[in-house]
Structure formats: structure tokens, C-alpha cells
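Thanks for coming. I will walk through one structure today, a piece at a time, and I will keep it short.

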Amino acid sequence: MHIPDNYLSPATCAVMTAVMVPAWIISVKKVKEELPKEKLPMLGIGAAFSFLGMMFNVPLPGGTTGHAVGGTLIASLLGPYAACISVSVALLLQALLFGDGGILAFGANCFNMAFVLPFTGWVVTSVLLKRIQSRKGELAAVAAGSYAGINAAALCAAIEFGIQPLLFHDAAGNALYCPYGLAVSIPAMMAGHLTVFGLAEIVFTVAVYAFIRKVSPSMIRASEGTKTSAGLKALIAVLIAATPLGLLAEGTAWGEWGMDEIASSGAGYTPAGMLSGFEFRSILPDYEVPGVPPAFGYILSAAIGVALLVILFKLISLVTPKKAKI
Amino acid sequence: MSSKFLRLIEKIFFDDLHYQNRKAEQKAAGSLVLLSAFLCIVLCSLSSNPWFVSFILAALLLRLALMPPEQIANVLKVTFIGAGTAALLALPAVFMGSPRTFGTITMKTSESVMLLAIISEQLGWKGLAAAAAGLHLPDLFLLTLDTTVRYLHILGRFAARMSEALSLRQVGEKNWTTSGTGGIAGTTFLKAQRLSEQNAEAMTCRCFDGTYRRLGRHHVNGWDAAVLAADAAIVVLFVYLQLPFL
């Protein structure tokens, strides 16, 4: 679901970023109001979970892959505004360090995965939680929320891809950016997310949520409890060590092909806007380290990503002057 | 008893309390941690493969992420100063056609400084002296190190206060701060002499003749085993990543 650069026109990217700016401002304001300063590092833990969740690629017959995002998980633990910030920062890190998702398309990716996903997931979860009070019902509500969230995000991404050939094409009718229209992009994106990737999101969200509820219940939306439990740290360590499992899924996710793959993906040509588009070289492209086996590179990338996210949010908590209202 | 002396006693009590708290938090033996740090720094310096340094940096970042925000800020402050200085010194390499050297030197310096800053935050200066004692370093060396670190702090603060007092009394055009430099240095020297005498008396009172007794546990616990396993993994990784360069 990470839209690379040059799949969306610069105009689309600008509009999506403009849409996200108020969302970020309101989220920051709400988080300052609702979360105590001492609990801000938890945003880093949430971002770390989202970052790790996105590294576990799941294969789909036909050669495409997808992954969980964990936006609903963070929304359920810390609220949707905190989820918006956490996932946005995780996406920024992925784009800058690992080249996963475009720099120009950052606003669009945030709109899909940091705004639509957690808010949809949170609304669905909250509505169901009002009707279901049991322990199992709570997990079912989180599962339903995560499924709805990831599918809403996938639908938005599919629409963003699909409108490109309609809006931006040359005189011959060839698309300048993403070559697939709505008739192709919506079924292609939704087929995976309604089935395997949606299931992966449910499994990831419910498994981590249930674990956190057991080992660190104070983290679940309560204002108290600012220390990360040993169980949670262990879970993050296990997830980092297990990230090479994401390499078992071969192939490229739909809409994330490289420049050399787009023509052979079924388009038949490489759109002109892509050939002359923006190019950004990240430090560790595709989570790979030259000269070492991909599994090591994956673990190194996961460790750096998680550490940077946690450190960043801990430092933010240090410089936040205002005592948040509890 | 002067207020300054009371403040000094308060500071020492605070440091002692802080050291006890740190000691309680610390799980692996200080000497072992110090040796592991030395091993890491040596291997990073020897490594021709930049990815080895990256692996160590990633591990250090993970360790740093587990620390409280205040300690993270302290470590990063020191690391940025170290890395910035190294980058400045290695900058000519970029213009002389060797940008790789610039990156390597900056990375290795960052790694070493960050590692030492983390250990310093983790153990504290008293803990470092205790860890060095655990490594059976000569007592004279330890005493010198111990008193140097302590008096650098105390005399530095004393000199800074004197300088501040002089600048507050500055009137008109005359630069009292500059003209008082000799006075500050001289007074600090006299103060150092007085403090060293007091220190000797305090050592006598506490029956300390400069011999460091090796206290604490001598058995290896689970955390020590984990540090040893990590050391072994680092050596294996170093050899593995170094093979293409041999």
C-alpha cells in the first residue's frame, strides 16, 4: 500500500499533502491535550509496532504481496490522533531511510495509512464496543475495526491510483503516471485486502492487542502507566528477530513496481511521467544492506527503525513543556 | 561550617544516593560491561567493512531506546559533539576525493562516543571507578582517575562561580573578567591545595589508604552470560563481515 514516487501526479501529491496538514495539526493538538507528557514515548512504541508490522510481507497467489499496518492497533491503544502521528512518523522514516513509499507521495500514503485507516478502524471498534462488553467481544471489535480500517485505506489508495489515467494522459491517450484505471486498480487492490492482507491485519492487530492487554494493561488508553513492560520489550525484540520472515514472500506489491517492472506488469509501456519523474536515493533501499544476506539486512533495518522511532518520541516527550490534561 | 562546604557534602550525598540507585538498576557486572565496550571500540576501529559499524550502531541505538528520555538526551548531546568534531576534521577528505573516509571516520567516532556515553550514563563515574577496580587496574591509577574526575567537576564549578561573580561586579569600560583570569586561576589552585589536604584527612577518617577493595559479587549471573554471548556474537559478526576484505 506504500505508493512510490511518480505513480501519482505532483498535483495529486500536493492535494493529498494539503489534506493531511490540518489532520496533523489537529492530531498534535489533541495528543497534547489528551495524553500526559509522560505517556508520549508510548507513541514511539506504537510507531515501532506499525513499522514492524509493515515489514512482514504476506504473499498472494499471482506474485503480489501485502502487509499489515497496525493503525487500528495504535488507535485502540492510544487513540486515533496518536495513531495518526505514530503511523505518519513511521511512514516518514520508511520513506527517508528505506525508500519504502515515495517522498512526494508521503502525503497520500499518510492519508491512506495514517488517517483513513486508524480513524475508520477506531470508529468501527468504538461503535462495536458500545454494544459488546465481553472480553472476547472486545477482541472481536478490534478485529472488525482493523479489517474495516485496512480495507478503507486500500480503497482510497486504489482510487488515487485509478484516477491518474483519467486526469493525466498524453495526446495518444497513454497515462503519464499510474497506467491502471479504476476498473483495474480497485479490484486489484481490494482482492488482496479483502482476503489475505485483511486477515493479516486482523491477526497482527488482535495478537498484539491481546498480548498488551495481558502484559501491560495500563497501556490501553489509560492515562496512567508510562513504563514499557518487559513483556512488551520482549515482544518487540521477537518481532525484530522474526522480520526476515517477510522475505519469504516473493514478488512486488501491486502498485509498488520499480521502473523496470511497470511495463511487464501488464501496462505494456512505462509512462512518460515516471521516466522523467522525481528520484530519491535512500540509505538502505528495500531494507537491504550490500554485501550481507538479506535476512541480516532486514534485521538491521528493523532494529534501526524501531530504535529511532522510540528515541524520537522519547525526546519529544522531553521537550514538551506543557503538562497535558488528564 | 560554611554554606559552600554544606553544599559540597550535599552533592556527595546526592552522588552516593544516585550511584546506589544506578547500581540497583545495573544488572551486568560493570567490569564486564567496560571490557565489552573496549572490545566493541577496538573491533569497530579495525573493521574495514562499514556495515559492521552499522550493526554496532544499530545495537547501540536499541540500547539507547531503552534508556529514560533525560539520559537519551545526554548521550545524544555528547555523541553529536563528538561526531560533529570528527566530521569537521575529516571534511578535507571529501574535497581530496575520498568521501568514504569521511563517512567511515565520522561513523566510527560516533559509535565510540555513543558507546562510552551510554556506559557513563549507565554506571556513573563512581561506577566506572568500581568497574576499573574490578579489572585489577593499579590502585594508584584508579585513585588518580577517581580524584581527577571528582575535582575536575568541583574546581570547574568553583572557577565558573568566581568568573560569574567577577562579571557581575564589572563596572564601566574596564574588563574585570579578563583582568581577573590570573586571580581566578591562582585562587582555584589554592582551593585545590586546600581540598587535597581535606581529601587526605577525609581518607584517613574513613580508613582509606588508597587501596581499593574489590567488593560486590564474584559469581556470573544471567545478565553477565548475556553480555558474554553478545560479545561472542560481535566477534563472529566481525570475522564474517571482514572475510571479503581479507
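Let me start with a single residue, Asn109 of chain A. Setting aside the neighbours within four places in sequence, Asn109(A) touches Met1(A), His2(A), Ile3(A), Leu91(A), Gly101(A), Gly102(A) and Ala114(A). Please keep in mind throughout that this is a predicted model. Asn109(A) sits in helix α5 of chain A, which covers residues 106-131. Is Asn109(A) buried or exposed? Its relative accessible area is 2%, so Asn109(A) is buried; the cut-off for that word is under 20%.

Staying in chain A, I turn to another asparagine, Asn6(A). Asn6(A) lies in the segment before α1, the helix that spans 10-34 of chain A. Its phi is near 75°, which is a positive value in a residue that is not glycine. That deserves a remark because most residues other than glycine have a negative phi. Asn6(A) has a relative accessibility of 10% and therefore counts as buried.

Chain B offers a case to set beside that one. Phi of Cys207(B) is near 55°, again positive in a residue other than glycine. Where is Cys207(B) placed? The answer is the loop between α8 (181-205) and α9 (222-242) of chain B. With 72% relative accessibility, Cys207(B) counts as exposed, whereas Asn6(A) is buried.

Next, the strands of chain A. Strand β1, residues 57-60, pairs with β2(A) in the antiparallel sense, over 4 bridges. Within that pairing, Leu60(A) stands opposite Thr64(A) of β2(A). Strand β2 of chain A runs over residues 64-67 and is covered on both faces. On one side are Thr64(A) and Gly66(A), on the other Thr65(A) and His67(A), and all of these are buried.

Now chain B as a whole. How many helices and strands does chain B have? There are 9 helices and 0 strands, and along the sequence the pattern reads α-α-α-α-α-α-α-α-α. Of the 246 residues in chain B, 34% are buried. If we take the contacts in chain B between residues at least 6 apart in sequence, 77% of them join residues at least 24 apart.

That leaves the place where the two chains meet. The size of an interface is often given as the accessible area lost when the parts come together. Here chain A and chain B bury about 1,600 Å² between them, and 86% of that is on carbon and sulfur atoms. Which three residues give the most of the area that chain A buries against chain B? They are Leu300(A), Ile311(A) and Lys314(A), which supply 30% of it, more than any other three residues.

The contact takes in 20 residues from chain A and 18 residues from chain B. Between the chains I can report 0 salt bridges and 2 residue pairs in polar contact, both at pLDDT 80 or more. On chain A, α10 (230-242) and α12 (294-319) each supply at least two residues of the side that touches chain B. Helix α12(A) gives the most to that side, with 13 residues. By type, the residues on that side of chain A divide into 17 nonpolar, 1 polar and 2 charged.

That is the end of my tour. I am happy to go back to any part of it.

Notes:
Residues are numbered from 1 along each chain as its sequence is written. Chains are lettered from A and ligands numbered from 1 in the order in which they are written. This is a predicted model: local features need pLDDT of at least 70, side-chain atom pairs count only at pLDDT 80 or more; totals for chains, interfaces and linings use all residues. Side-chain values use heavy atoms; hydrogens and water are left out. Contact means heavy atoms within 4.5 Å. Buried area is the accessible area (1.4 Å probe) that two parts lose on being put together, summed over both. A salt bridge is a side-chain nitrogen of Lys or Arg within 4 Å of a carboxyl oxygen of Asp or Glu. A polar contact is a pair of N or O atoms within 3.5 Å; within protein, one must be able to donate a hydrogen and the other to accept it, and residues adjacent in sequence count only if both atoms are side-chain atoms. Ala, Val, Leu, Ile, Met, Phe, Trp, Tyr, Cys and Pro count as nonpolar, Asp, Glu, Lys and Arg as charged, and the others, Gly among them, as polar. Buried means under 20% relative accessible area, exposed over 50%, partly exposed in between (1.4 Å probe, protein chains only). Two strands pair if DSSP finds at least two bridges between them.
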